[in-house]
Amino acid sequence: MSDPAPALDDSLTLSTTPVRALLRRAPVCVPPELPIRAAAQRMREHGVSSVLVTQDGALLGIVTDRDLRNRVLAVGLDPQRPVIEVATTALQTVDIGDAAFDALLLMARLNIHHVPVTDGGRVVGLISSTDLHQRQSDSAVVLAQAIHQQDDVEDLRQVASRIGALQRQLVAAGTSAHAMGRVVSAMTDALTVRLLQLAERKLGPAPVPYAWVAAGSQGRNEQTAKSDQDNCLVLDDAYDEARHGAYFEALARFVCDGLNACGYVYCPGEMMAMTAQWRQPLARWREYFRRWIDTPDPKALMLTCVFFDQRFVAGERSLLETLRAEVLARTPSQRIFLAHMVGNALTHTPPLNWLGHLQTIRHGEHAGTIDLKHGAIVPIIDLARVYALAGGIAAVNTRERLLHSAESGEISAARARDLVDALEFLTTLRVQHQARLLEAGHAADNHLRLEELSDLERRHLKDAFAVVKDLQGVLEKRYLAGRL
């Protein structure tokens with residue numbers, strides 16, 4: 001099997017990661033008069049290696065496993081004595097906004113393994129040398145390496161469970177949404193490649209060349225914590241259903257089932273390689289795109305939106321490159337097709353009312369929220385896709401499509417920058433919202449309540465929506481004037 005497409009190495013370092021990114025739980029605190037034995041029991045109950053000794057919110061000291069060993073057991077101290085007697089009271093602390101690297105230097109310099117974290121003088125957490133080592137083990141590069149070392153789906157599932165923590169750390173460290181999407185998508189690529197390797201180990205080598213292709217948000221390198229699968233197989237034209245069909249069905253089933261086990265749920269529309277329709281030879285894929293372009297009915301437009309955002313992941317790269325080159329050579333001259341694509345894009349509009357005010361969902365489960373995916377980010381993705389189709393632009397990532405579209409003249413450089421800035425702002429809101437949910441133990445979603453935003457963020461949100469709505473109007477006039 002060929003190597004996977006190169007992934008962006010954008011893992012964070014401890015020098016750029018704030019201490020707040022390491023905090024996973026509230027500190028366990030005990031009063032100074034609590035017996036030593038009771039403090040030890042408290043540590044066991046909470047599964048921690050240290051407790052903070054506090055009184056009326058003030059930090060008095062810290063007691064660690066090493067203190068219990070050296071100051072209690074080794075000297076035969078009565079475990080009913082007050083815990084403050086064995087606490088370290090000459091404390092060093094770090095601020096929640098300090099760099100994690102500074103905390104590591106402090107621990108190394110003082111030969112300590114635990115440091116309380118403060119925020120405005122108030123104790124908000126505790127970090128340990130273990131946390132710092134775990135932070136390094138959750139970096140993108142090390143996580144990808146761990147993925148490629150696993151030999152079964154269950155082990156892959158356990159490693160994949162750390163991707164959510166990686167995204168939260170990226171958010172806390174202020175990583176750009178664009179870079180974050182590439183990092184998270186690279187983890188999905190790594191899982192996919194390893195699952196393909198395990199499948200071939202089980203089934204034997206592929207009988208004909210194939211390209212495993214990511215579509216949708218993974219294809220665009222824009223995945224977040226809440227993602228389902230969009231993928232397909234482009235097979236060499238030597239493929240014969242009677243001789244090779246069972247192999248590729250088993251291969252695709254193994255990979256899609258494995259991705260589902262790792263948290264990437266099955267596509268509700270079944271747009272996955274495990275569906276026979278999306279596991280076809282190159283000649284059939286040519287027919288698909290030709291039909292979608294020549295007969296742009298609603299279903300064809302929906303499929304074009306998913307499968308035009310294709311990116312090679314593993315196998316034989318030339319199979320996909322050949323297909324995409326042929327499609328991109330046709331689309332710029334297909335005015336009717338482009339008009340239908342614009343009409344389809346206008347079904348997703350920013351939630352602004354006729355006065356230009358933010359408008360939340362009125363009814364149902366998500367009443368009072370804004371859908372950051374379909375109402376905010378998808379309209380920009382749709383605009384960029386139309387620009388790319390009209391200009392024959394090969395880029396798949398939305399930001400790159402916008403920048404290339406400015407170079408080709410599909411959109412002015414100034415308006416392209418406006419859309420890039422709007423996309424970055426809206427995607428950042430989305431991943432920050434998801435990080436807050438994950439940190440609180442909830443499932444990630446795309447529904448933001450305006451109360452989560454500052455007044456300044458709300459103004460930026462309105463400005464971003466206004467930019468998108470304005471450019472939707474420009475495309476409407478360009479392609480649909482006289483048609484609606």
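Two strands pair if DSSP finds at least two bridges between them. Keep that in mind for the first sheet. And note that this is a predicted model.

So, the sheet. Three strands form an open sheet in the order β4-β5-β6. The pairing is mixed. At the edges stand β4, residues 94–95, and β6, residues 122–128. Each has a single partner strand, so one side of each is left without a neighbour in the sheet. Now take β5, residues 114–119. β5 and β6 run antiparallel, joined by six bridges. For one position in that ladder, look at valine 117: glycine 125 in β6 stands opposite.

Next, serine 50. This residue sits in strand β2, residues 50–55. Is serine 50 buried or exposed? Buried: its relative accessibility is 5%, and the cut-off for buried is under 20%. Which residues does serine 50 touch, leaving aside those up to four places away in sequence? Met43, Ile62, Val63, Thr64, His114 and Leu126. Two of those names take us back to the sheet. His114 lies within the range of β5, residues 114–119, and Leu126 within that of β6, residues 122–128.

On to the second sheet. Four strands this time, again open, in the order β9-β8-β7-β10. The pairing is mixed here too. β9 (279–281) and β10 (311–315) are the edge strands, and each pairs on one side only. On average, neighbouring strands are turned by 30° against each other, direction ignored.

Inside this sheet, look at β7, residues 210–214, and β8, residues 231–235. They pair in the antiparallel sense, over five bridges. Tyrosine 210 has leucine 235 in β8 as its bridge partner. A helix packs on this sheet: α10, residues 241–261. Helix α10 touches β7, β8 and β9. Its direction makes about 155° with that of β8.

Stay with β8 for the cysteines. Cysteine 232 falls within β8, residues 231–235. Cysteine 232 is buried, at 0% relative accessible area. Where is the closest cysteine sulfur? In cysteine 256, at 10 Å. That is too far for a bond, because a disulfide needs the two sulfur atoms within 2.5 Å. Cysteine 256 itself falls within α10, residues 241–261. Elsewhere, cysteine 29 is partly exposed, with a relative accessible area of 31%. How many disulfides does a search of the whole structure find? Zero.

Now the helices. Alanine 325 belongs to α13, residues 317–330. At 46% relative accessibility, alanine 325 is partly exposed. Isoleucine 393 is 68 residues away along the chain, yet the two C-alpha atoms are separated by 9.6 Å.

Last, a helix pair. α15 covers residues 373–391, and α18 covers residues 455–480. They pack at an angle of about 35°, axes 10 Å apart. The crossing is left-handed. What does each helix bring to the contact? From α15: Gly375, Ala376, Pro379, Ile380, Leu383, Val386, Tyr387 and Ala390. From α18: Phe465, Val468, Leu471, Gln472, Leu475 and Tyr479. By class, that makes 12 nonpolar residues, two polar and no charged.

To recap. The two sheets are both open and mixed, one with the order β4-β5-β6, the other with β9-β8-β7-β10. Helix α10 packs on the four-strand sheet. And α15 meets α18 in a left-handed crossing. That's it from me.

Note on methods:
Residues numbered from 1 in each chain as written. Predicted model: local features only at pLDDT ≥ 70, side-chain atom pairs only at ≥ 80, totals over all residues. Heavy atoms only, no water. Axes fitted to C-alpha atoms, helices over the stretch in contact; angles between N-to-C directions. Left-handed = near helix turned anticlockwise from the far one by under 90°. Contact = heavy atoms within 4.5 Å. Nonpolar A, V, L, I, M, F, W, Y, C, P; charged D, E, K, R; others polar. Buried < 20%, exposed > 50% of the residue type's maximum accessible area, 1.4 Å probe, protein only.
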